[in-house]
Amino acid sequence: MSFEGKVAIATGAASGMGLLFCQCFAEEGGNVLLCDINEEVLTEKVAEINAKGKGKAIGAVCDVRDYAQICAARDKCVQEFGRIDVLCNFAGGTERRMLNYTEPTDFPDTPIEVFDWGIDVNLKGPFYFGHAVLGVMRDQKSGLIVNIGSITGCDGDGWSMAYPTSKAGLMFGLTKSQAQYGAQHGIRAVCVSPGPVLTRPGMAGMKTLLGRAAEPQEIIDLILFIASDKGQFINGENIMIDGGRNAMVRG
(Lines give C-alpha, C1' and ligand atoms only; values in the text may rest on other atoms or scores of the structure.)
Protein backbone atom coordinates (compact mmCIF):
# COMPACT_ATOMS: atom_id res chain seq x y z
CA MET A 1 0.00 0.00 0.00
CA SER A 2 2.41 2.66 -1.25
CA PHE A 3 1.63 6.38 -1.23
CA GLU A 4 4.88 7.45 -2.91
CA GLY A 5 4.32 10.82 -4.60
CA LYS A 6 0.90 11.28 -2.99
CA VAL A 7 -0.07 14.19 -0.75
CA ALA A 8 -2.59 14.25 2.09
CA ILE A 9 -4.03 16.95 4.34
CA ALA A 10 -5.45 15.96 7.71
CA THR A 11 -7.22 18.19 10.21
CA GLY A 12 -7.03 17.63 13.95
CA ALA A 13 -3.66 16.10 13.15
CA ALA A 14 -1.59 16.89 16.23
CA SER A 15 -3.22 14.05 18.16
CA GLY A 16 -5.55 11.08 17.98
CA MET A 17 -6.59 9.48 14.72
CA GLY A 18 -5.59 12.52 12.66
CA LEU A 19 -2.01 12.12 13.81
CA LEU A 20 -2.08 8.36 13.38
CA PHE A 21 -3.30 8.74 9.80
CA CYS A 22 -0.46 11.15 8.99
CA GLN A 23 2.13 8.86 10.58
CA CYS A 24 0.88 5.86 8.59
CA PHE A 25 0.53 7.78 5.31
CA ALA A 26 4.10 9.10 5.63
CA GLU A 27 5.37 5.65 6.64
CA GLU A 28 4.18 4.44 3.24
CA GLY A 29 6.06 7.22 1.46
CA GLY A 30 3.36 9.89 1.23
CA ASN A 31 3.73 13.57 2.07
CA VAL A 32 1.44 15.12 4.66
CA LEU A 33 0.22 18.50 5.81
CA LEU A 34 -0.86 18.35 9.45
CA CYS A 35 -3.46 20.95 10.44
CA ASP A 36 -4.22 21.73 14.07
CA ILE A 37 -4.81 24.67 16.40
CA ASN A 38 -2.14 23.55 18.90
CA GLU A 39 1.03 24.98 17.38
CA GLU A 40 3.45 23.61 19.99
CA VAL A 41 2.30 20.00 19.72
CA LEU A 42 1.89 20.32 15.95
CA THR A 43 5.52 21.37 15.53
CA GLU A 44 6.66 18.45 17.69
CA LYS A 45 4.66 15.86 15.73
CA VAL A 46 5.79 17.18 12.35
CA ALA A 47 9.41 16.84 13.49
CA GLU A 48 8.80 13.28 14.68
CA ILE A 49 7.42 12.23 11.28
CA ASN A 50 10.30 13.88 9.41
CA ALA A 51 12.85 12.24 11.69
CA LYS A 52 11.83 8.85 10.30
CA GLY A 53 13.09 9.90 6.88
CA LYS A 54 10.23 8.58 4.78
CA GLY A 55 7.37 10.81 3.62
CA LYS A 56 7.77 14.52 4.33
CA ALA A 57 5.55 16.38 6.81
CA ILE A 58 4.77 20.05 7.21
CA GLY A 59 2.37 21.75 9.60
CA ALA A 60 -0.19 24.53 9.39
CA VAL A 61 -1.82 26.13 12.41
CA CYS A 62 -5.46 26.11 11.40
CA ASP A 63 -8.81 26.65 13.11
CA VAL A 64 -11.32 24.82 10.91
CA ARG A 65 -13.95 27.44 11.80
CA ASP A 66 -11.93 30.06 9.92
CA TYR A 67 -12.14 29.81 6.13
CA ALA A 68 -9.18 32.15 5.61
CA GLN A 69 -6.95 29.90 7.72
CA ILE A 70 -8.18 26.86 5.76
CA CYS A 71 -7.29 28.51 2.46
CA ALA A 72 -3.86 29.43 3.83
CA ALA A 73 -3.28 25.79 4.80
CA ARG A 74 -4.39 24.62 1.36
CA ASP A 75 -2.06 27.09 -0.34
CA LYS A 76 0.85 26.02 1.86
CA CYS A 77 0.27 22.40 0.85
CA VAL A 78 0.19 23.21 -2.86
CA GLN A 79 3.25 25.45 -2.64
CA GLU A 80 5.23 22.76 -0.84
CA PHE A 81 4.02 19.62 -2.59
CA GLY A 82 2.33 20.77 -5.79
CA ARG A 83 -0.92 18.87 -5.32
CA ILE A 84 -3.55 17.51 -2.89
CA ASP A 85 -4.54 13.87 -3.31
CA VAL A 86 -6.37 13.21 -0.04
CA LEU A 87 -8.21 15.37 2.48
CA CYS A 88 -9.16 13.73 5.79
CA ASN A 89 -11.44 15.74 8.08
CA PHE A 90 -10.63 14.42 11.56
CA ALA A 91 -11.03 17.63 13.60
CA GLY A 92 -14.08 17.50 15.84
CA GLY A 93 -15.64 16.27 19.04
CA THR A 94 -18.71 16.40 21.23
CA GLU A 95 -19.28 20.04 22.06
CA ARG A 96 -19.97 19.70 25.79
CA ARG A 97 -16.89 17.56 26.36
CA MET A 98 -14.60 19.63 24.17
CA LEU A 99 -15.68 22.88 25.84
CA ASN A 100 -15.70 21.33 29.33
CA TYR A 101 -19.32 22.36 29.68
CA THR A 102 -20.33 19.95 32.43
CA GLU A 103 -23.51 21.65 33.63
CA PRO A 104 -26.35 19.07 33.46
CA THR A 105 -28.63 21.46 31.57
CA ASP A 106 -31.40 20.44 29.22
CA PHE A 107 -31.00 21.27 25.54
CA PRO A 108 -33.14 24.47 25.65
CA ASP A 109 -31.27 25.71 28.73
CA THR A 110 -27.76 25.22 27.34
CA PRO A 111 -26.10 28.35 25.89
CA ILE A 112 -26.46 28.36 22.13
CA GLU A 113 -22.74 29.16 21.84
CA VAL A 114 -21.98 25.62 23.00
CA PHE A 115 -23.93 24.17 20.09
CA ASP A 116 -22.53 26.75 17.69
CA TRP A 117 -19.08 25.35 18.43
CA GLY A 118 -20.26 21.80 17.71
CA ILE A 119 -21.83 22.68 14.37
CA ASP A 120 -18.99 24.99 13.31
CA VAL A 121 -16.22 22.46 14.00
CA ASN A 122 -17.97 19.19 13.15
CA LEU A 123 -19.97 20.24 10.09
CA LYS A 124 -18.90 23.63 8.78
CA GLY A 125 -15.21 22.76 9.17
CA PRO A 126 -15.36 19.78 6.78
CA PHE A 127 -17.68 21.75 4.47
CA TYR A 128 -15.23 24.68 4.38
CA PHE A 129 -12.21 22.44 3.82
CA GLY A 130 -13.95 20.52 1.05
CA HIS A 131 -14.85 23.79 -0.65
CA ALA A 132 -11.26 24.98 -0.36
CA VAL A 133 -9.56 21.90 -1.83
CA LEU A 134 -12.03 20.85 -4.51
CA GLY A 135 -10.76 23.46 -6.95
CA VAL A 136 -7.23 22.05 -6.68
CA MET A 137 -8.51 18.49 -7.10
CA ARG A 138 -10.65 19.54 -10.06
CA ASP A 139 -7.65 21.05 -11.82
CA GLN A 140 -5.53 17.93 -11.31
CA LYS A 141 -8.54 15.71 -12.22
CA SER A 142 -8.17 13.48 -9.18
CA GLY A 143 -8.58 13.45 -5.43
CA LEU A 144 -10.31 11.93 -2.43
CA ILE A 145 -12.16 13.55 0.45
CA VAL A 146 -12.64 11.42 3.57
CA ASN A 147 -15.16 12.75 6.05
CA ILE A 148 -15.35 11.24 9.52
CA GLY A 149 -18.86 10.46 10.71
CA SER A 150 -19.96 8.63 13.85
CA ILE A 151 -22.40 6.02 15.05
CA THR A 152 -23.92 8.93 16.98
CA GLY A 153 -25.11 10.31 13.65
CA CYS A 154 -27.43 7.29 13.54
CA ASP A 155 -28.18 7.06 17.27
CA GLY A 156 -28.80 10.73 18.06
CA ASP A 157 -28.00 12.37 21.39
CA GLY A 158 -30.60 14.37 23.28
CA TRP A 159 -27.93 16.10 25.36
CA SER A 160 -25.07 17.06 22.99
CA MET A 161 -27.40 17.57 20.06
CA ALA A 162 -25.04 19.43 17.73
CA TYR A 163 -22.68 16.46 17.42
CA PRO A 164 -25.11 13.89 15.93
CA THR A 165 -26.70 16.62 13.81
CA SER A 166 -23.32 17.49 12.33
CA LYS A 167 -22.20 13.89 11.86
CA ALA A 168 -25.44 12.95 10.12
CA GLY A 169 -24.88 15.90 7.80
CA LEU A 170 -21.47 14.51 6.84
CA MET A 171 -22.69 10.94 6.51
CA PHE A 172 -25.82 11.47 4.47
CA GLY A 173 -25.60 14.91 2.87
CA LEU A 174 -22.14 16.32 2.35
CA THR A 175 -20.34 13.13 1.31
CA LYS A 176 -22.92 12.15 -1.31
CA SER A 177 -23.03 15.71 -2.64
CA GLN A 178 -19.26 15.92 -2.92
CA ALA A 179 -19.19 12.56 -4.71
CA GLN A 180 -21.84 13.74 -7.17
CA TYR A 181 -19.91 16.90 -7.96
CA GLY A 182 -16.54 15.17 -8.01
CA ALA A 183 -17.47 12.32 -10.34
CA GLN A 184 -17.08 14.50 -13.43
CA HIS A 185 -13.58 15.48 -12.30
CA GLY A 186 -12.15 12.15 -11.13
CA ILE A 187 -12.72 13.04 -7.45
CA ARG A 188 -14.16 10.64 -4.85
CA ALA A 189 -15.76 11.33 -1.47
CA VAL A 190 -16.27 8.74 1.27
CA CYS A 191 -17.44 8.99 4.86
CA VAL A 192 -15.99 6.62 7.46
CA SER A 193 -18.20 6.40 10.55
CA PRO A 194 -16.72 4.70 13.62
CA GLY A 195 -18.49 3.37 16.64
CA PRO A 196 -16.59 3.50 19.93
CA VAL A 197 -12.84 3.93 19.44
CA LEU A 198 -10.23 3.70 22.19
CA THR A 199 -8.99 7.24 21.72
CA ARG A 200 -10.14 7.89 25.29
CA PRO A 201 -11.09 5.57 28.18
CA GLY A 202 -14.80 6.43 28.15
CA MET A 203 -15.26 4.61 24.86
CA ALA A 204 -14.45 1.22 26.37
CA GLY A 205 -17.89 0.94 27.96
CA MET A 206 -19.91 1.62 24.80
CA LYS A 207 -21.62 -1.60 23.70
CA THR A 208 -21.05 -3.34 20.36
CA LEU A 209 -21.93 -6.77 19.02
CA LEU A 210 -18.25 -7.66 19.15
CA GLY A 211 -18.09 -6.76 22.82
CA ARG A 212 -15.32 -4.19 22.51
CA ALA A 213 -14.36 -0.81 21.15
CA ALA A 214 -12.12 -0.39 18.10
CA GLU A 215 -8.41 0.24 18.24
CA PRO A 216 -7.61 3.52 16.43
CA GLN A 217 -5.41 1.61 13.97
CA GLU A 218 -8.46 -0.36 12.78
CA ILE A 219 -10.15 2.87 11.67
CA ILE A 220 -7.01 4.22 10.02
CA ASP A 221 -6.40 0.95 8.16
CA LEU A 222 -9.82 1.30 6.53
CA ILE A 223 -9.10 4.88 5.50
CA LEU A 224 -5.72 3.91 4.08
CA PHE A 225 -7.36 1.14 2.05
CA ILE A 226 -9.92 3.60 0.64
CA ALA A 227 -7.10 5.98 -0.30
CA SER A 228 -4.94 3.25 -1.86
CA ASP A 229 -5.04 1.84 -5.37
CA LYS A 230 -7.08 -1.07 -4.00
CA GLY A 231 -9.93 1.16 -2.81
CA GLN A 232 -10.60 3.18 -5.94
CA PHE A 233 -14.12 1.81 -6.56
CA ILE A 234 -15.42 3.08 -3.21
CA ASN A 235 -17.26 6.35 -3.69
CA GLY A 236 -20.16 8.35 -2.28
CA GLU A 237 -20.71 5.93 0.57
CA ASN A 238 -20.96 6.10 4.33
CA ILE A 239 -19.04 3.11 5.72
CA MET A 240 -19.85 2.10 9.28
CA ILE A 241 -16.96 0.56 11.22
CA ASP A 242 -18.67 0.06 14.54
CA GLY A 243 -18.29 -3.54 15.68
CA GLY A 244 -21.94 -4.09 14.85
CA ARG A 245 -23.31 -1.39 17.13
CA ASN A 246 -25.67 -0.08 14.45
CA ALA A 247 -27.07 -3.60 14.05
CA MET A 248 -27.89 -3.98 17.73
CA VAL A 249 -31.46 -4.15 18.96
CA ARG A 250 -32.41 -0.73 20.30
CA GLY A 251 -33.99 -0.26 23.71
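1. A convenient place to begin is Cys88, which lies in strand 4, the run of residues 86-89. This is a predicted model, and the points below should be read with that in mind. Leaving aside residues up to four places away in sequence, Cys88 touches Ile9, Ala10, Thr11, Phe21, Val146 and Ile223. Cys88 is buried, because its relative accessible area is 0%. Gly53, by contrast, stands 35 residues from Cys88 along the chain, and the C-alpha atoms of the two are separated by 23 Å.

2. Does Cys88 stand bonded or unbonded to Cys22, which holds the closest cysteine sulfur? The two sulfur atoms are 7.9 Å apart, which is too far for a bond, since a disulfide requires a pair of cysteine sulfur atoms within 2.5 Å. A second cysteine, Cys191, is likewise in no disulfide, and the nearest cysteine sulfur, that of Cys154, is 9.7 Å away. Cys191 counts as buried because its relative accessibility is 0%. For the structure as a whole, a search finds zero disulfides.

3. Turning to the overall fold, the protein has eight helices and seven strands. Its C-alpha atoms fill a box of roughly 50 × 35 × 35 Å when this is taken along the principal axes. For 251 residues, a compact globule would have a radius of gyration near 18 Å, and the 17 Å of the protein agrees with that expectation.

4. The contacts and the burial add to this picture. Of the contacts in the protein with a separation of 6 or more, 69% are accounted for by residues 24 or more positions apart. Buried residues make up 51% of the 251 residues.

5. As for the surface, the accessible area of the protein comes to about 11,600 Å², and carbon and sulfur atoms hold 54% of it. The protein carries 23 positive and 29 negative charges, and the mean positions of these two groups are 6 Å apart.

6. Two residues deserve a careful look for their backbone angles. Most residues other than glycine have a negative phi. Asn100, however, has a positive phi of about 55° although it is not a glycine. Where along the chain does Asn100 lie? Asn100 belongs to the loop between helix 4 (95-98) and helix 5 (112-140), and it counts as exposed because its relative accessibility is 63%.

7. The second such residue is Lys141, whose phi is near 60°, again a positive value in a residue other than glycine. Lys141 is found in the loop that runs between helix 5 and strand 5 (143-148). With a relative accessibility of 63%, Lys141 counts as exposed. A reader checking the backbone may therefore wish to view both loops, since Asn100 at 63% and Lys141 at 63% each count as exposed.

8. A last point concerns a glycine within a helix. Gly173 is found in helix 7, which covers residues 162-182, and it is partly exposed, with a relative accessible area of 29%. How far apart in space are Gly173 and Gly236? Although 63 residues separate Gly173 and Gly236 in sequence, their C-alpha atoms are 10.0 Å apart.

Definitions and conventions:
Residues are numbered from 1 along each chain as its sequence is written. This is a predicted model: local features need pLDDT of at least 70, side-chain atom pairs count only at pLDDT 80 or more; totals for chains, interfaces and linings use all residues. Side-chain values use heavy atoms; hydrogens and water are left out. Helices (H or I, at least four residues) and strands (E, at least two) are DSSP runs, numbered from the N terminus. The radius of gyration is taken over C-alpha atoms; the globule rule is 2.2 Å times the number of residues to the power 0.38. Buried means under 20% relative accessible area, exposed over 50%, partly exposed in between (1.4 Å probe, protein chains only). Contact means heavy atoms within 4.5 Å. Accessible areas come from the Shrake-Rupley method with a 1.4 Å probe; for residues, only the protein chains shown count as cover. Lys and Arg count as positive and Asp and Glu as negative; His and the chain ends are not counted. The place of a charge is taken as NZ of Lys, CZ of Arg, CG of Asp or CD of Glu.
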